[in-house]
Amino acid sequence: MSLTREQIESIAHLARLQLLPEEVPVYQDSLSRILDFVGELERADTSAVEPMAHPLPGQKQRLREDVVTEQDHHELYQANAPQAQAGLYLVPKVIE
Amino acid sequence: MSNTSLHRKSLAELAEGLRKREFSSVELTRACLDRIEASQPQLNAFITVTREQALAEAAQADQALAEGRAGPLTGLPIAHKDIFCTSGVLTTCASRMLSNFVSPYDATVVARLKAAGMVMVGKTNMDEFAMGSSNETSYYGPVRNPWNTDLVPGGSSGGSAAAVAARLVPASTGTDTGGSIRQPAALCGVTGLKPTYGRVSRYGMIAFASSLDQGGTFTVSAEDAALLLRAMAGFDPADSTSVDEPVPDYVATLNEPLRGLKIGLLKEFFDKGLDADNERCIREALAVYEKLGATLREVSLPALPLSVPAYYVVAPAECSSNLARYDGVRYGYRCENPRDLMDMYKRTRGEGFGAEVKRRIMTGTYVLSAGYYDAYYLKAQKVRKLIANDFARAFGEVDVLMGPTTPTPAFPLGAKTADPITMYLNDIYTIGANLAGLPAISIPCGFTPQGLPVGLQIVGPHFTEARLLNAAHLFQRETDWHRRVPEAFA
């Protein structure tokens, strides 16, 4: 399998990654080779197999009681924000 | 007693020394901090050293010891892989993306070991977001192998492995998604334990591939791993896949006799890719087990050769989803002067992530994208089931599986960075246990003629950590490979 330059640019856009022009051929080459490598999976006969849903057999997703467990930590959490003001996270203008 | 020899002791021996007041936790902690700082130019095993906080915690531990309030781990130093969130301390995951992130809370593993009285001396270097097998993808530069600083320590928990191998700390934590504890433990000559999926809480452990990630330990001995796991393991309501199973006393069963233990040798692990020196060490280790009364038989897991391809679909898929949270809005790196929101997202992520992390995110994005999901992700999860079924069948015949942890000893820096698939194949013997959620341990079992350590891997059924630690401990009573220390750090 050989991915095109356009395919790499489209994947990068979906993943919200800005690539430098010189990065594109590098990923074109390595992703193509990775997809060839994982293509080996086709060799396995999985017609009678259910996909694995949990690494431990018989375990189900646990649900918690619908009660408040979190306290208000917004000042502490926003201390890590690139830009915050009046308890709000600031981002570039979205609507003109 | 001289504090210069403290670093040669195991966690269990240090605990006894603290109880007998042969030295204080402050003295022990200071000795670790001094060794860490002296080693940084050669090894680069740490991203952050928390000297002041550590000495304050050690003083508290000494107080507890003096007042008879101490537990078995009180006052013992530990280093945490920089993937574990530590309250008030920089938590980077070795990425530019989190290079300014001061965690507002402790991971459950960190909180439990702190509550047990352990003293955190710092945060260890690692592959960026735990993606790598050589510790060369770190934003903070590579870690070097204490046995030969031209070589890699393995990854992704390379700093944690090197720190114990060079006896900078008696123990450290790590995480294992495809071999990230066992592979560096093997390449650095220390004991590395990956518990059963769900045994140790993932809360506050920065997520890479959520159905594979599991926290564990690096120690000098299996006995030390038992001491740590007893304190780390157990149900945590804050982790939705944490399992509510009682935690046995792993220390109490360390000396159970091995007579009659049925050991399966994985046919697929003794293949043409296995280095001759590694194979010799493994065969000699197996002879020790026979002497201890165990029996050996060959078993075959026909689907196992597909574990690496299955992993490189499942892990990147989960990674692309987990790493979507790094958007430059709430925490972490943000690019300079964004034009608009899309530009901010794209440049923040393009500049904040390193090359291998971007490769995994894009691989995952591709295999999950419309039209490809069935062919890749669903297919890989079916193959994963085949592999898990193979393991279950094998454990119907044998108690544990043994084989090499890695195909080769440690390799030079730069040797495998050009081709990602060559690097991915380092984990060919370790990935199976992650795909099936099984516990596994790597223990030192010999050296190559070049003086590099070799690791023996033991894999067991779900929740059989006690049996793995028991088997490892009895081997370590018969051998002294685990007590060897690199000359430069003796």
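A salt bridge here is a side-chain nitrogen of Lys or Arg within 4 Å of a carboxyl oxygen of Asp or Glu. The model is predicted, so local features need pLDDT of at least 70, side-chain atom pairs count only at pLDDT 80 or more, and totals for chains, interfaces and linings use all residues. Residues are numbered from 1 along each chain as its sequence is written, chains are lettered from A in the order in which they are written, and side-chain values use heavy atoms, with hydrogens and water left out.

**Exercise 1. The interface**

Task: Describe the contact between chain A and chain B, from residue counts down to a salt bridge.

Solution:
- Step 1. Count the residues in contact (heavy atoms within 4.5 Å). Chain A brings 51 residues and chain B brings 69.
- Step 2. Take the buried area, the accessible area (1.4 Å probe) that two parts lose on being put together, summed over both. The value is about 5200 Å², and carbon and sulfur atoms give 70% of that area.
- Step 3. Look for salt bridges. The rule finds 2 across the interface of chain A and chain B. One of them pairs Arg33(A) with Asp419(B), at 2.9 Å from N to O.
- Step 4. Assign the chain A side to elements. Helices (H or I, at least four residues) and strands (E, at least two) are DSSP runs, numbered from the N terminus. Two or more residues each come from α1 (5–14), α2 (23–38) and α3 (74–78) of chain A. α2(A) gives the most, with 10 residues.
- Step 5. Sort that side by residue class. Ala, Val, Leu, Ile, Met, Phe, Trp, Tyr, Cys and Pro count as nonpolar; Asp, Glu, Lys and Arg count as charged; the others, Gly among them, count as polar. The split is 32 nonpolar, 10 polar and 9 charged.

**Exercise 2. The fold of chain B**

Task: Test chain B against the rule for a compact globule.

Solution:
- Step 1. List the elements. Chain B has 15 helices and 11 strands.
- Step 2. Apply the rule: 2.2 Å times the number of residues to the power 0.38, with the radius of gyration taken over C-alpha atoms. For 490 residues a compact globule would come near 23 Å; chain B has 21 Å, which agrees.
- Step 3. Add the extents. The C-alpha trace of chain B spans about 65 × 55 × 45 Å along its principal axes.
- Step 4. Check burial. Buried means under 20% relative accessible area, exposed over 50%, partly exposed in between (1.4 Å probe, protein chains only). Of the 490 residues of chain B, 67% are buried.
- Step 5. Check contact range. Among contacts in chain B with a separation of 6 or more, 75% join residues 24 or more positions apart.

**Exercise 3. Salt bridges within a chain**

Task: Place three salt-bridged pairs by exposure, starting with Arg5(A) and Glu9(A).

Solution:
- Step 1. Start from the total. The structure holds 26 salt bridges over all chains.
- Step 2. Take Arg5(A) and Glu9(A), at 3.5 Å from N to O. Both lie in α1 of chain A, 4 residues apart, about one turn of the helix. Arg5(A) is partly exposed because its relative accessibility is 33%. Glu9(A), at 40%, is also partly exposed.
- Step 3. Take Lys20(B) and Glu16(B), at 2.7 Å from N to O. Lys20(B) counts as exposed at 51%. Glu16(B) counts as partly exposed at 37%.
- Step 4. Take Arg359(B) and Glu356(B), with closest N and O atoms 3.0 Å apart. They sit 3 residues apart in α11 (residues 355–368) of chain B, so about one helical turn separates them. Both residues are buried.
- Step 5. Finish with a network. Salt bridges link Arg339(B), Asp343(B), Arg347(B) and Glu351(B).
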